[in-house]
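Subject: Structure for your review

Dear colleague,

Please find below the structure I agreed to hand over, together with its sequence. My findings follow it, arranged by topic.

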Amino acid sequence: MIDVSNVGLRFGARKLFEGVNVQFNKGCCYGIIGANGAGKSTFLKIISGEIEPQKGFVNIPKNERLAVLEQDHFKYDEYTVRQTVIMGHKRLYEIMKEKERLYSKPDFNDEDGILLGELEGEFAELDGWSAESNAEILLQGLGLGEDYYERPMKDLTGGQKVKVLLAQALFGEPDYLLLDEPTNHLDLNSCRWLENYLMDYENCVLVVSHDRHFLNKVCTHIVDIDFSKVTLFQGNYDFWYEYTQLSLRQLKDQTKKIEARRKELQDFIARFSANASKSKQATSRKKLLENMELPEVLASSRRYPFISFTQEREIGNDVLFVKNLTANKGNRQTLNDISFTMEKGDRIGVVSKDEVAVTHLLDILAGVVPESDYEGEVKWGVTTSRSYLPKDNSEFFDNCDLSLVDWLRQYSKDQNESYVRGFLGRMLFSGEEALKKANVLSGGEKVRCMLSRQMLVNANVLIFDDPTNHLDLESITALNEGIKKFPGSIVFYSHDRELVNTVANRIIEIVPGGIIDKRMEYDEYLEWKAENMPE
C-alpha cells in the first residue's frame, strides 16, 4: 500500500494541492484526471520520489518495487531494445551485468566464486532465466516483433520508443506501476493489448490518461485533481463523470431554491417592515434571511470548449469515389490499389497498424498531395465541400507572427472582429487570450485553433487525422459530442477508441494488400475480425 499523508505543494503563489490524504492499494487501478495544469504529472512525480512535497510525506513499503514510465525518449539510445526493457528491473539488470563481468574475469578466484553463487541464487529468485523471453512477450504484445529485439534504441521511431519504454515499465510486474499517458502514440491494437494486460494486473497501477475508453476499461478508482484538492472516487471514468454531473445539477437546484426563498423573504421585508401589525414577522424574516447561506460553489479548473460543426450546404448522394489508388511515401508503398465509394451519411473510421499510410490517405483525400504524386482516381461529388484537420499543423503556425484574431480572420468570410472572436471564445480564447501570437501556442492550443478554423468553414465533409492529439479530457469530450451531432459526412483517424466507437458507422482498415471495408461500428468490427481473421 502507498500511503500519501497530508501532502501539499505550491509553485510560488499558486497552490497546486494541499492536505492530500489517500491510500493506493494492490489489486486496484487508479486513473488520475484533472484539467491541463492541475498537477496530474506532478502528483505522480511526488509519489515516485522525483519531487519532494513541501508538506506531508509518501510512504512506500520497503522491499517493494515501484516502476515509472520513462518520459525521456533518448535516455536509452545506446542500448538495444531488449536491454532497455530488462533495465526496467534495476536490480535484475545489475545482477546480469555483474555476472557477465565475473564470468569474463581472467583471474577468477574463490571470492569471485562465492559472490557469483550468491548472485546466481538471487538471479533465480528474480526469475532471471526467463528475463529475455518475458521481455519479448511484452514487446510482441505491443506490436514489436523479433526483428526489433537487437536493434539499438536510436534507430527506432518516436512511437516505437514509447512502446519499448512501456514494456520496460511493465517488465517484472512491479508492485507499483506509475504510467503517465501510456496510450500516447499507441495504435488501437496496442491500446487493446495494454487494456487487457492491466485488467489482469494483480498489483497497484496509477495512470494518467486522456483516453476515456482506456480509463473505463482498466480503472477501479478515479483520482480527481480539482479545486486544489485530490479526491478519490470508486468506479471508472464514466461513473465519476455521471456522479459529478449529478452532484453539480443537485447543487444548482439547491442554489436556485435558496435564491427563490431569499427573494421571497426580501419582498416580504420590503413590503411590511413599515407596517406595525407585520413588523414582528418582518423582523423574524430578516433574521432568517441573515442566517440563510448559499451553498459554496468552488471554481473548477476544468473548462469545456463549445464545439459545433454546421454545413453551409446539404450534401448530395454522390460523395466520394476512390478507384485503384496506389501511392508511395519515399521508397515505401503506403497504399496498394485501393478502391471504395463513400456515400451520404457515411462516417468512416480509418484504422491501420501503419499510421504513415493512414496520414497519406487522408492527405490525398484532402487534396494536400498533388495528383501527380499518386496513381488512380480520387473524385469528390460536386455538392461536397471539405475541411481537413491534419496531424501535423506546423505549417499553419510556424513563423506566423499574427495574433489569434488575425490568424483566424484569414479563414473567415466575415472579417468582423467580434464574429471571429466569437469562434475563438468557443475554444476558450477569450479577452487577452485572443491576442496571443500564433507561433507561441502549445500543442493543445494549436489543435483548438484548428477546430475554430474548421467550424468557420461550414463544410459538409469533415476530415480528421488524430484530432484528439494534445487535447485534454474536457476538449476531447466536447469534440466527441460536436462530431456526433454533425449532420454531414466524416472521414477520420483517431487513437481515441471512444471517439471511433461513438462516431464511426463504417470501418476501413488499411492492410498490406489493400483495405478491409466493413459497414459496421468499431467494436462490432473487432468481433468480426477476431472471428474471421485471427492473427
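A residue is called buried here when its relative accessible area is under 20%, and exposed when that area is over 50%. Please also note that this is a predicted model.

With that cut-off in hand, strand β16 is a suitable place to begin. The strand covers residues 489-493, and 5 of its 5 residues are buried. S489, V491 and Y493 point one way from β16, while I490 and F492 point the other way. In a regular strand the side chains alternate between the two faces of the sheet. Both sets of side chains in β16 consist of buried residues.

Two strands pair with β16. Strand β12 (residues 347-351) runs parallel to β16, with 3 bridges between them; in this pairing I348 stands opposite V491. Strand β15 (residues 461-465) is also parallel to β16, over 5 bridges, and D465 is the residue opposite Y493.

The chain as a whole

The protein chain contains 18 helices and 18 strands. Its C-alpha trace spans about 110 × 65 × 50 Å along the principal axes. There are 535 residues, of which 49% count as buried. The accessible surface is about 26700 Å², and carbon and sulfur atoms account for 46% of that area.

As to contacts, among those between residues at least 6 apart in sequence, 67% join residues at least 24 apart. As to charge, the chain carries 66 positive and 85 negative side chains, and the centres of these two sets lie 11 Å apart.

Nonpolar cores

The largest nonpolar core has 54 residues, and the members that touch the most others are L177, L179 and L198. Helix α6 (residues 158-170) supplies the largest share of this core, namely 7 residues. Which residues does L198 contact, leaving aside its neighbours within four places in sequence? They are L170, L177, L179, V205, F214 and V218. Another core, of 46 residues, lies apart from the largest one; L389, W407, L456 and L462 are among its members.

Y176 in strand β6

Y176 belongs to strand β6. Is this residue buried or exposed? Y176 has a relative accessible area of 0%, and therefore counts as buried. Leaving out residues up to four places away in sequence, Y176 touches M1, I2, F24, K26, I60, P61, E64, R65, L66, A67 and C204. The C-alpha atoms of Y176 and V68 are 8.6 Å apart, although the two residues are 108 apart in sequence.

Two residues with a positive phi

E181 has a positive phi of about 55° and is not a glycine. This residue sits in the loop between β6 (176-180) and α7 (188-199). E181 counts as buried because its relative accessibility is 15%, and the cut-off for buried is under 20%.

D337 likewise is not a glycine and has a positive phi of about 55°. D337 is located within strand β11 (residues 332-343). The relative accessible area of D337 is 45%, so D337 is classed as partly exposed.

D414 in a loop

Where does D414 lie? D414 is in the loop between α13 (404-409) and α14 (417-426). With a relative accessible area of 36%, D414 is partly exposed. Not counting residues up to four places away in sequence, D414 touches Y419 and V420. D414 and A530 are 116 residues apart along the chain, and 50 Å separates their C-alpha atoms.

The β17 and β18 hairpin

Strand β17 (residues 506-511) and strand β18 (residues 514-518) pair in the antiparallel sense over 5 bridges. The two are joined by a hairpin through 2 residues. Within this pairing, E509 has I516 in β18 as its bridge partner.

When you open the model, I would suggest turning first to β16, whose 5 residues are buried and which pairs in the parallel sense with β12 and with β15. The hairpin from β17 to β18 may then be viewed beside it as an antiparallel pairing.

Yours sincerely

Key:
Residues are numbered from 1 along each chain as its sequence is written. This is a predicted model: local features need pLDDT of at least 70, side-chain atom pairs count only at pLDDT 80 or more; totals for chains, interfaces and linings use all residues. Side-chain values use heavy atoms; hydrogens and water are left out. Helices (H or I, at least four residues) and strands (E, at least two) are DSSP runs, numbered from the N terminus. Buried means under 20% relative accessible area, exposed over 50%, partly exposed in between (1.4 Å probe, protein chains only). Contact means heavy atoms within 4.5 Å. Accessible areas come from the Shrake-Rupley method with a 1.4 Å probe; for residues, only the protein chains shown count as cover. Lys and Arg count as positive and Asp and Glu as negative; His and the chain ends are not counted. The place of a charge is taken as NZ of Lys, CZ of Arg, CG of Asp or CD of Glu. A nonpolar core is a set of buried Ala, Val, Leu, Ile, Met, Phe, Trp, Tyr and Cys residues joined through side-chain atoms within 4.5 Å. Two strands pair if DSSP finds at least two bridges between them.
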